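Reader: Please take a close look at how the helices pack here. Add the contact between the chains and any odd backbone spots, and keep the cut-offs explicit.

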Amino acid sequence: MKTHLKGFALAGLTSAAALFANAASAVEIEYWQYFFDARVEAMEQLIENFEAANPDITVTMTHFPYADYRTKVAAAIPAGEGPDVVQLFYGWLNDYVEAELIQPLPADTFPAAKIDEEFFPMVQAMKDGDAYWALPTAVRSLALFYNERLFEEAGIDGPPATLDELMETAAALTKTDSAGNITQVGITAGMTAQDHHWFREGLVRQFGGEPYTDDYQTVNYNTEAGIAALEFYTNMFMGENPVTAIGFMDEPQAAFKAGRAGMHIDGSFRIGSLDNTRGLKWGVAELPATADGVQSNYSSYWVNAVTTKAEGEKYDAAVKFMEYITSDEAMQIWLDVVGELPAKPSVGMTEANANDEIFGPFIRGLSYANTTKFANESAQRQLLVEMVERMQLEGMSAADSIAIAAQAEQALLDEYYAD
Amino acid sequence: MYRNLTIRQKQIVWAWAFLALPVLFYGVIRFYPTGNAILISFQNWNLLGDRTWAGLENYQKLWNDPVFWKVFANTFLYLLIGTPISLILSFVIAYHLDKLRFMHGFLRMLYFLPFMTSAVAMAWVWRWFYQGVPIGLFNNLLASVGISQIEFLNSTTNALPAVLAPAVWAGLGFQVIIFMAGLRAIPTSYYEAAKIDGVGWWTVLTQITLPLLRPTIVFIVVFSSIGFLRIFDHVFNMTTNNPGGPLNATKPLVLMIYDTAFNGFDMGYAAAQTVVLFTILLIVSLIQLRLLRSD
């Protein structure tokens, strides 16, 4: 009886060992991202292609609602669970590096000099010394959406090219009722949407300023240029003949979707939802330049990185996967499925993409775009929201209000970079 | 062993046997996180890295934060405006509804309906009511009779009452029901005696009804004060793009905690705010319990 048992145990062990051996020959790595329909679909395609080219590697994708994302990643990786390759917002990089959740990409597969050359310049925010920590598949930028029907109705030929033209066009598109209440805005406005990016990286630079210095650690928009930019912005709704109203129809994108706004500045991620809006005929143009032709744009992106959990053969597989999802092919798939812009000029600036009626203005915008390094994006946005509110609701001057915002934002940055 | 116990001891053993599960549940779900939150309030933690000791730093920061004092004042404004208004409104409604026989059940249902409605849906509907022309219901009505627009939400003075109104309305149904139960519980003999003595309705109200409703009133005050001190969903949903705005005019303490924790990822500071809220709730509840006991 005893020997029987021993035999069983031995057989069990050997078969278990055989199973392990099998598992080892096919490496399985995990990929995590937050849930967004098109992104998941695009990643499924990428994984399928990658697995076909690398039959010995299996990639499992897990996705979560955006709200839980950070908590789950933070809990899983130190516990040795969770992803080998993870997606994160570029603004979170510092936190992930400090918490030792991700490791730098190997310099032999991802040489910094080559990446500097191949990717759009704003990706260099992901570089530390000679190594890149993470790389994006796709990037986003801003552009001017305009309602073609309303343009036609007002007899305007095309989108404005300069800021002065923007104001003229907006004035022609604005409608009021007999009491003077605005019933259709020329252009939407609201720092709560994308306008705070337009202000920081667009207007402030276009008016001759530089919003931050010292690698985004020092606030620098409390200058003449900054005040001029703020006055230009607030003049749209606080001037004598306002062409817009803050909070018109609750949200800027809602007003544009409903056909009650002539123009709307928004990111490339809005394309999908506008595409599905019935009865809306819209076009896209680059953000208006100054009279001297100065252009400036804002771009942001999500990156992928290899986590500290990936070791040995999983690490090699993870690096291979990273190589594929930052390839030209992957970027084209991402553009076609998600509508986000390729992170490399070699893909973005192809004849077809750069001249695309919809993607073109966004992609061309990338070449003069800057990426703000946020310490806490929502708090920093809130400061600009309040900067405008102090002027509108409390009658403060632009100079005083921008000074308060700059001081508060500096305090926030100081605290963040202190440790 | 068990056999040797007295009946009294056996009862205790059984009581604890049955209590074990809820005690365990409360320990893990309530008391452990509460203790942990107090611990985190003395630390710095961004959810990702290690927790480091901060001593009283978070509390000092709180004390020197002008936003915190603004939020603190807002929280008490919600309480001090919301509780009396909802108390008086619900009493008046219950008092008259109690006397009414015609369509009594139907009316009671109408008042109770908002209480059952999801706060999120309600907040969004009211948010749209408050918009300016061309979509806001109230402002469209005003515009149609030629009165100038009122900024409900985009105003530092009007926003807080505007956010509070649907919150009061939502809680009304429940309080009406409780008041009606309280009214029914007053023995009719008192009223008959009053009738025989020939006293007026005002005397009946102030000498019989209100004094005998005291436990009900205390309960509703406790219940609704805790509710207003913890107000979150109405404010958050009516001001999602600019949470607690404009210029923090509507921001309650709970919203500040949420923002610090899940947008700022400053868990230590958020925990310190939580401890302050916990203390306020504790004090308010203790005072009110004391009032209850003096009955």
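Author: The helix pairs come first, then the chain contact, then the backbone.

This is a predicted model, in which local features need pLDDT of at least 70 and side-chain atom pairs count only at pLDDT 80 or more, while totals for chains, interfaces and linings use all residues. Residues are numbered from 1 along each chain as its sequence is written, chains are lettered from A and ligands numbered from 1 in the order written, and side-chain values use heavy atoms, without hydrogens or water.

Two packed helices are described by the angle between their axes and the distance between the axes. Helices here are DSSP runs (H or I, at least four residues), as are strands (E, at least two), numbered from the N terminus. Axes are lines fitted to C-alpha atoms, for helices over the stretch in contact, and angles run from 0 to 180 degrees between N-to-C directions.

Start with H17(A), residues 377-394, and H18(A), residues 398-418. Their axes lie 9 Å apart, at an angle of about 160°. The two are therefore roughly antiparallel (over 145 degrees; under 35 is roughly parallel, 65 to 115 roughly perpendicular, the rest oblique). Their crossing is right-handed (the near helix is turned clockwise from the far one by less than a right angle; anticlockwise is left-handed). Contact means heavy atoms within 4.5 Å. On the H17(A) side, the residues include Leu383(A), Met387(A) and Met391(A). H18(A) answers with Ile402(A), Ala405(A) and Leu412(A), among others. The contact holds 11 nonpolar, 2 polar and 2 charged residues. Nonpolar covers Ala, Val, Leu, Ile, Met, Phe, Trp, Tyr, Cys and Pro; charged covers Asp, Glu, Lys and Arg; the others, Gly among them, are polar.

Now H2(A), residues 37-53, and H12(A), residues 312-325. These axes come within 11 Å and cross at roughly 120°. The pair is therefore oblique. The crossing is right-handed. Met43(A), Leu46(A), Ile47(A), Asn49(A) and Phe50(A) meet Ala317(A), Lys320(A), Phe321(A), Tyr324(A) and Ile325(A). By class that gives 8 nonpolar, 1 polar and 1 charged.

Chain B has its own pair. H4(B), residues 104-116, and H7(B), residues 159-184, have axes that come within 5 Å and cross at roughly 135°. That makes H4(B) oblique to H7(B). This crossing is left-handed. Among the H4(B) residues are Tyr111(B), Phe112(B) and Phe115(B). Gly171(B), Gly173(B) and Phe174(B) are among those they meet in H7(B). The count is 9 nonpolar, 3 polar and 2 charged.

Next, the chain contact. Chain B gives 28 residues and chain A gives 30. About 2,300 Å² is buried between them, and carbon and sulfur atoms give 53% of that. Buried area is the accessible area (1.4 Å probe) that two parts lose on being put together, summed over both. Leu48(B), Asn241(B) and Leu247(B) lose the most area in chain B, together 30% of what that side buries. There are 2 salt bridges between the chains, a salt bridge being a side-chain nitrogen of Lys or Arg within 4 Å of a carboxyl oxygen of Asp or Glu. Asp250(A) pairs with Arg127(B), with the closest N and O atoms 2.7 Å apart.

Over all chains the count is 16 salt bridges. Lys344(A) and Glu118(A) form one, at 3.8 Å between the closest N and O atoms. It links distant parts of the chain, 226 residues apart. Lys344(A) sits in the loop between S15 and H14, and Glu118(A) in H5.

Last, the backbone. Most residues other than glycine have a negative phi, and most peptide bonds are trans. Met249(A) has a positive phi of about 55°. It lies in the loop between H9 and H10 of chain A. The bond from Val133(B) to Pro134(B) is cis, with omega near 5°. Pro134(B) is in the loop between H5 and H6 of chain B.
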